[in-house]
Amino acid sequence: MAAKSAKPGARSLSGIPALRRKLLRARARGMPRFLEDRGRRLLDAYLATAEAEGRPARALAGDIASGAVAQKLAEMTGAQIRAEEPEQLREAACSEGCAFCCILLEGDGGLITEAEAVQLHGALAPLAGQPDGRAWNANACAALDPETRLCRAYDARPTVCRSFISVDVEACRENAAGGDEDGSGMLGNHLDYLAVLALSRDLMRGTALVATYNMQTITSAAIDGVALDKALKQARHKSAELEDTCADIGNSPS
Ligand code: SF4
Ligand code: SF4
């Protein structure tokens, strides 16, 4: 991975057991306690499996710092939700080429991890200079194909895109034009993703930086031919963004 997460000269964590002990005290700042506890159980189970498999602690720490572990755990709980097929999924209005949710009005598109930013950039950089989603709608994600309205980074799309769902396409159309209609939202695995990511940040504090990134800046930069290191620098969030995003969840009606 091209991005550098570990701070030069930082002390290394002394093995997975030490990580698991530290996790007991880690906080997912801004996150409601029950979601923090769920994230802690998920992350501890992941670490326990890694320990049983004899995975090297250094590589594991790198995956925690890049957000790759948060991404994997969200993928796992997302698969569980999809297997249970809740009403939200049974009634989903989503279909290929329906891309109002790829119009990113606030210039962000959602918070993504370093691992996701690197994957997105890698998938899109070969398409630099081609017409992109912004030719369809000025606020659309640059990963979008302006003709077919399909995601050109589908396999590399981040958790925020994989979790978004709607039961009302007309609400999505309205919201893409600045409306505030009900009907769309995130699958529950997105809460796991944020909780594990916030815990990861606290767990790695003093050892490595767990940064978050602005998705729209990464996709636009990749299509505009900006190199990965520069794109990451441009897209890196201020550190408060993750905590604010977690706090928004705590403040939103259940
Ligand atoms: S979330 Fe809305 S805009 Fe996106 S695919 Fe589903 S229905 Fe279409
Ligand atoms: S990465 Fe793909 S799915 Fe996500 S907003 Fe961009 S075009 Fe849509």
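This passage describes helix packing and selected loop residues in a predicted model.

The model is predicted, so local features need pLDDT of at least 70, side-chain atom pairs count only at pLDDT 80 or more, and totals for chains, interfaces and linings use all residues. Residues are numbered from 1 along each chain as its sequence is written, chains are lettered from A and ligands numbered from 1 in the order in which they are written, and side-chain values use heavy atoms, with hydrogens and water left out.

Helix packing is treated first. Two packed helices are described by the angle between their axes and the distance between the axes. Helices are DSSP runs (H or I, at least four residues), numbered from the N terminus. Axes are lines fitted to C-alpha atoms over the stretch in contact, and angles run from 0 to 180 degrees between N-to-C directions.

Helix 6 spans residues 114-124. Helix 10 covers residues 215-223. The axes of these two helices come within 8 Å and cross at roughly 30 degrees. Helix 6 is therefore roughly parallel to helix 10. Angles under 35 degrees count as roughly parallel, over 145 as roughly antiparallel, 65 to 115 as roughly perpendicular and the rest as oblique. The crossing of helix 6 with helix 10 is right-handed, a term for a near helix turned clockwise from the far one by less than a right angle.

Helix 6 contributes Ala117, Leu120, His121 and Leu124 to this contact. Helix 10 contributes Met215, Ile218, Thr219, Ala222 and Ile223. Contact means heavy atoms within 4.5 Å. By class, seven residues in the contact of helix 6 with helix 10 are nonpolar, two are polar and none is charged. Here Ala, Val, Leu, Ile, Met, Phe, Trp, Tyr, Cys and Pro count as nonpolar, Asp, Glu, Lys and Arg as charged, and the others, Gly among them, as polar.

Helix 6 also packs with helix 11. Helix 11 runs over residues 228-235. The angle is about 130 degrees, and the axes are 11 Å apart. Helix 6 is therefore oblique to helix 11. The crossing of helix 6 and helix 11 is right-handed. Ala117, Val118 and His121 of helix 6 meet Leu228, Ala231 and Leu232 of helix 11. Five nonpolar residues, one polar residue and no charged residues make up the contact of helix 6 with helix 11. Ala117 and His121 of helix 6 take part in the contacts with helix 10 and with helix 11.

Helix 2 (residues 33-52) packs with helix 4 (residues 68-84). Their axes come within 11 Å and cross at roughly 105 degrees. Helix 2 is therefore roughly perpendicular to helix 4. From helix 2, the contact involves Arg38, Leu42, Leu43 and Tyr46. From helix 4, Val69, Lys72, Leu73, Met76 and Thr77 take part. The contact of helix 2 with helix 4 holds six nonpolar, one polar and two charged residues.

Loop residues come next. Arg55 sits in the loop between helix 2 and helix 3 (57-66). With a relative accessibility of 24%, Arg55 is partly exposed. Buried means under 20% relative accessible area, exposed over 50%, and partly exposed in between (1.4 Å probe, protein chains only). Beyond four places in sequence, Arg55 touches Ile16, Tyr46, Ala50, Leu60 and Asp63. The side chains of Arg55 and Asp63 share a polar contact of 3.2 Å. A polar contact is a pair of N or O atoms within 3.5 Å; within protein, one must be able to donate a hydrogen and the other to accept it, and residues adjacent in sequence count only if both atoms are side-chain atoms.

The loop between helix 11 and helix 12 (240-251) holds His237. Arg236 lies in the loop between helix 11 and helix 12 as well. His237 is buried, at 14% relative accessibility, whereas Arg236 is partly exposed, at 39%. The side chain of His237 makes a polar contact with that of Asp108 at 3.3 Å. Beyond four places in sequence, His237 touches Asp108, Leu111, Thr212, Tyr213 and Asn214. With the same limit of four places, Arg236 contacts Ala211, Thr212 and Tyr213. A polar contact of 3.2 Å joins the side chains of Arg236 and Tyr213.

Asn137 occupies the loop between helix 6 and helix 7 (159-163). Asn137 is partly exposed, with a relative accessible area of 22%. The side chain of Asn137 reaches the backbone nitrogen of Asn139 at 2.8 Å.
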